[in-house]
Amino acid sequence: MIQRIQTLYLLVVVALGITLFFMPVLQFETPEGAETIRVWELSATGLTEITETDLEPQTLNGIWGLALITLLIPIMAIIDIFLFKKRILQARLNIFTVMLCLGYYGVLAIYIWFAKMNLETIWYIKPWASIPAVCLVLTIMATRRILKDEALVRAADRIR
């Protein structure tokens, strides 16, 4: 199981997915003309205000869509690792993981739009937002290797 290169790709996806859960992917700021400058960071755990004020920093925890997708990406990769004997099912679940990585950016775009409309802020993307794209590429590479293994097994079965 671990000697297959696609398993290593999927292990990296798991590690990056877990890292993504705790890292902020966006930063929102009020425009410079505002009376008070406020700064928020968006991560899977919520929208947290990081402005240094006299008040307690506030966290908005209703961001369940982003948290769900962020958790599903490494969970699906772990499931894919343990399905090494069922290569066709493993490849199909990898395709679902690719769709989750793309869906992450869709949900992120929706949150950007809502924050821009409701908070009237300027948003900045953080480098951690590229993790789902890296996971997408690694999952596609793993899927290609899984299908290559399946073709090799079928060719070996034909020879017998």
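A salt bridge, as I use the term today, is a side-chain nitrogen of Lys or Arg within 4 Å of a carboxyl oxygen of Asp or Glu. With that cut-off in hand we can turn to R154, which forms a salt bridge with E150, the closest N and O atoms being 2.8 Å apart. Before I go further, please keep in mind that what you see above is a predicted model, and that the mean pLDDT of the protein chain is 86, with 91% of its residues reaching 70 or more. Confidence is not even along the chain, since it is lowest in strand β4, residues 59–60, at a mean of 60, and highest in α1, at 94.

Let me stay with the charged pairs for a while. R154 and E150 are separated by about one helical turn, because they stand 4 residues apart in helix α4. As to their surroundings, E150 is buried, with a relative accessible area of 12%, whereas R154, at 47% relative accessibility, counts as partly exposed.

Which residue outside helix α4 does E150 meet in a salt bridge? The partner is R87, and here the N to O distance is 2.8 Å. R87 belongs to helix α3, residues 87–118, while E150 belongs to helix α4, so this pair ties together parts that are 63 residues apart in sequence. R87 is buried, as is E150. Taken together, R87, E150 and R154 are linked in a network of salt bridges.

A search of the whole structure finds 4 salt bridges, and another one that I would like to show you is formed by R4 and D149, whose closest N and O atoms are 3.2 Å apart. This pair also links distant parts of the chain, given that R4 sits in the segment before α1 and D149 in helix α4, residues 131–159, with the two positions 145 residues apart. R4 has a relative accessibility of 14%, and therefore counts as buried.

Helix α4 also carries T139, and T139 is buried, with a relative accessible area of 0%. Leaving aside its neighbours within four places in sequence, T139 is in contact with V13, N94, T97 and V98.

Now to the nonpolar interior. The largest nonpolar core has 35 residues, and those that touch the most other members are V25, L26, F28, L42, L66, Y104 and L108. Two or more residues come from each of α1, β1, β2, α2, α3 and α4, and the largest share, 10 residues, is given by α3. If we look at L108 and set aside neighbours within four places in sequence, we find it in contact with V25, L26, L42 and L66.

As for the geometry of the helices, α3 has 32 residues and reaches 46 Å from its first C-alpha to its last, which is close to the 46 Å expected at 1.5 Å a residue. After α3 comes E120, whose phi is positive, near 50 degrees. In α2, which has 19 residues, the corresponding reach is 27 Å, again close to the expected 27 Å. Against which elements do the buried residues of α2 pack? They pack against α1, β2 and α3, and among these buried residues are L66, I69, I73 and M76, together with the charged residue D80.

I will finish with strand β2, residues 39–43, where E41 lies. The side chain of E41 is joined to that of K126 by a polar contact of 3.0 Å. Not counting residues up to four places away in sequence, E41 touches P24, L26, Q27, G46, L47, T48, I50 and K126, so that L26, listed above among the core residues with the most contacts to other members, appears here as well.

S43 is found in strand β2 too, and with a relative accessible area of 7% S43 is buried. Its side chain makes a polar contact of 2.8 Å with the side chain of T45. Beyond the neighbours within four places in sequence, S43 is in contact with M23, P24 and L66, and L66 is one of the buried residues of α2.

Key
Residues are numbered from 1 along each chain as its sequence is written. This is a predicted model: local features need pLDDT of at least 70, side-chain atom pairs count only at pLDDT 80 or more; totals for chains, interfaces and linings use all residues. Side-chain values use heavy atoms; hydrogens and water are left out. A polar contact is a pair of N or O atoms within 3.5 Å; within protein, one must be able to donate a hydrogen and the other to accept it, and residues adjacent in sequence count only if both atoms are side-chain atoms. Contact means heavy atoms within 4.5 Å. Buried means under 20% relative accessible area, exposed over 50%, partly exposed in between (1.4 Å probe, protein chains only). A nonpolar core is a set of buried Ala, Val, Leu, Ile, Met, Phe, Trp, Tyr and Cys residues joined through side-chain atoms within 4.5 Å. The expected span of a helix is 1.5 Å times one less than its number of residues. pLDDT is the predictor's confidence in each residue, from 0 to 100.
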